[in-house]
Amino acid sequence: MYLLAQDQYFDREGLYGTADGDYWDNCERFVFFCRGALESLIALGSTWRPQLLHVNDWQTGLVPVYLKTLYRDHPVLGSVGSLLTIHNLAYQGVFWHYDMAMTGLGWDLFTPAGIEFYGKINFLKGGLVFSDLLTTVSRTYAAEIRTPEFGNGLDGVLEERAADLYGVINGIDYEQWNPAKDAALTRPYSADEPEGKAACREALRRELDLEDSRGPIVGMITRLAGQKGLDLALEGLPAILEAGCQVALLGAGEAHLEDAWMQAAAAHRGRVAVRLGYDTALGSRIYGGADCFLMPSRYEPCGLGQLIALRYGAVPIVRRTGGLADTVSEFDPARRAGTGFLFDAFEVGAMVDAVQRAATAFRRPEQWSALVRNGMTEDFSWDASAREYALLYKKALRPAAPRPSRRSR
């Protein structure tokens, strides 16, 4: 591992900005990062030379552009392949055109076929156009982002690169996320020995001042943002409580949602608990103590919360979008197959119906035990994803055929 240090750009409180917005010099910061990474590889060329660069999101979107332009004939970098992973297409690194000179690229690239986007520079678009292969973090999201609804203005570019676009599900570290070994939990448990989860549930109730109840605890660990559907969950909260559920929420984000959820917790004391901020240990205890895990996302490229929830036996209740659709399957009580509950429309009624189905299953212990075990025995470790990436790396290194001209949007 090599780290690139430049305190002027990177020794700051936040990665990309503060609560007030993005840093004003983000274009300069990440031009430096992309160029610095490539120049570092040149400096290391006598001891180590990569075959391929795997870059991620807009912050490194200019790397494939530089490889195909400024470093095209370089003895160290000229033959290096590239693969770009899109983690969230909504974040694109868009800057005004006056920063074009700062990139070191010629104005001939400021075109619809290059990095121009509605009169501005778009770092992510540059990566989409120039990278040898593209991936995103689920197969469903790879299809969704080629549509106007989810494409954020880049669906035309992605449709043109469809043959080079692949969906590879993220994984989680099964040693780190392991309820049998998690020191934050009151009692360890596993799919084969699940008894400890009941103790974790009662301990979570005590910690969060929730009332004694025979109903399920619905956990949420999330950014408080519109994308995550926290407004939908808030609107449906009365019906969720009416179904006999309690709610435990951990997260931080948009101020109006933080305020609204704190007001909801005050109005439903003992039934709704909200903790603002991020606390790894408390997060583990919510995964360990919750019976269900709610993710009503507007869109979700992959999602990690549902993967951790499955591992900890917290049954996911999710909207059928992106990686949620690829990792959670609807529970069939008759066959006792499936791992969670899904809904399609981004509507309160659809979400509440899924919660009610979960609450009904919870009241039937044999069904619930089978459902929990199904989730806990799923395998979303990195092993399968790593094998897919290894195949794509080899594919990216093959000589590429000439590409057709590219559209801007």
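# Notebook: cavity, pocket and sheets

I began with enclosed space, and the count came to 1 cavity of 30 Å³ or more. The model is a predicted one, and I kept that in mind for every entry below.

**Entry on the cavity.** The largest cavity holds about 30 Å³ of space. I listed its lining as L185, T186, C200, A203, L204 and R285. Helix α8, residues 196-208, gives the largest share of that lining, with 3 residues. By residue class I noted 4 nonpolar, 1 polar and 1 charged in the lining of this cavity.

**Entry on the second largest pocket.** I then turned to open space, where the second largest pocket has a volume of about 920 Å³. There are 25 residues lining this pocket, and the closest to its centre are Y2, L4, F33, A37 and T60. The elements that contribute two or more residues to the lining are α2 (26-43) and β3 (52-56), and α2 supplies the largest share, 7 residues. I recorded the division of the lining as 16 nonpolar, 6 polar and 3 charged.

**Entry on F10.** I looked up F10 next and found it in helix α1, residues 7-10. Is F10 buried, partly exposed or exposed? Its relative accessible area is 26%, and F10 is therefore partly exposed, since the partly exposed class lies between the 20% and 50% limits. Setting aside the neighbours within four places in sequence, I found F10 in contact with L4, R29, F32 and F33. For one of these, R29, I also looked up the C-alpha separation from F10, which is 7.8 Å across 19 residues along the chain. Two of the names in that contact list, L4 and F33, I had already written down among the residues closest to the centre of the second largest pocket.

**Entry on the three-stranded sheet.** An open sheet of 3 strands runs in the order β5-β7-β6, with antiparallel pairing. Its edge strands are β5 (94-96) and β6 (116-117), each of which pairs on one side only. Between β6 and β7, residues 120-122, I noted 2 bridges, and the two strands run antiparallel. Which residue in β7 is the bridge partner of E116? The partner is I121. Helix α5, residues 123-130, packs on this sheet and touches β5, β6 and β7, and the direction of the helix makes about 55 degrees with that of β7.

**Entry on β8.** I checked both faces of strand β8, residues 133-136, and found each of them covered: L133 and T135 are buried on one side, while L134 and T136 are buried on the other. Strand β4, residues 81-86, pairs with β8 in the parallel sense over 4 bridges, and T85 stands opposite T135 there. Strand β9, residues 165-167, is joined to β8 by 3 bridges and also runs parallel to β8, with L165 in β9 as the bridge partner of L134.

**Entry on the six-stranded sheet.** I traced an open sheet of 6 strands in the order β12-β11-β10-β13-β14-β15, in which the pairing is parallel. The edge strands are β12 (272-276) and β15 (341-343), each pairing on one side only, and the twist averages 15 degrees from one strand to the next. At the β15 edge, strand β14, residues 315-319, is joined to β15 by 3 bridges in the parallel sense, and R319 stands opposite F343 in β15. Helix α12, residues 280-289, packs on the sheet and touches β10 (217-224), β11 (246-253), β12 and β13 (292-295), with a direction that makes about 145 degrees with that of β10. Helix α16, residues 365-376, also packs on the sheet, touching β13, β14 and β15, and its direction makes about 75 degrees with that of β14.

**Entry on N178.** My last look-up was N178, which is found in the loop between β9 and α8. Is N178 buried or exposed? With a relative accessible area of 10%, N178 is buried, since buried means under 20%. Leaving aside neighbours within four places in sequence, I found N178 in contact with R311 and Y312.

How values were computed:
Residues numbered from 1 in each chain as written. Predicted model: local features only at pLDDT ≥ 70, side-chain atom pairs only at ≥ 80, totals over all residues. Heavy atoms only, no water. Pairing = 2+ DSSP bridges. Contact = heavy atoms within 4.5 Å. Axes fitted to C-alpha atoms, helices over the stretch in contact; angles between N-to-C directions. Buried < 20%, exposed > 50% of the residue type's maximum accessible area, 1.4 Å probe, protein only. 1 Å grid on protein atoms, 1.4 Å probe; cavity = no way out; pocket = protein on both sides within 12 Å on 5 of 7 lines; lining within 4 Å. Points joined across faces, edges and corners; volume = space filled by probe spheres on them. Nonpolar A, V, L, I, M, F, W, Y, C, P; charged D, E, K, R; others polar.
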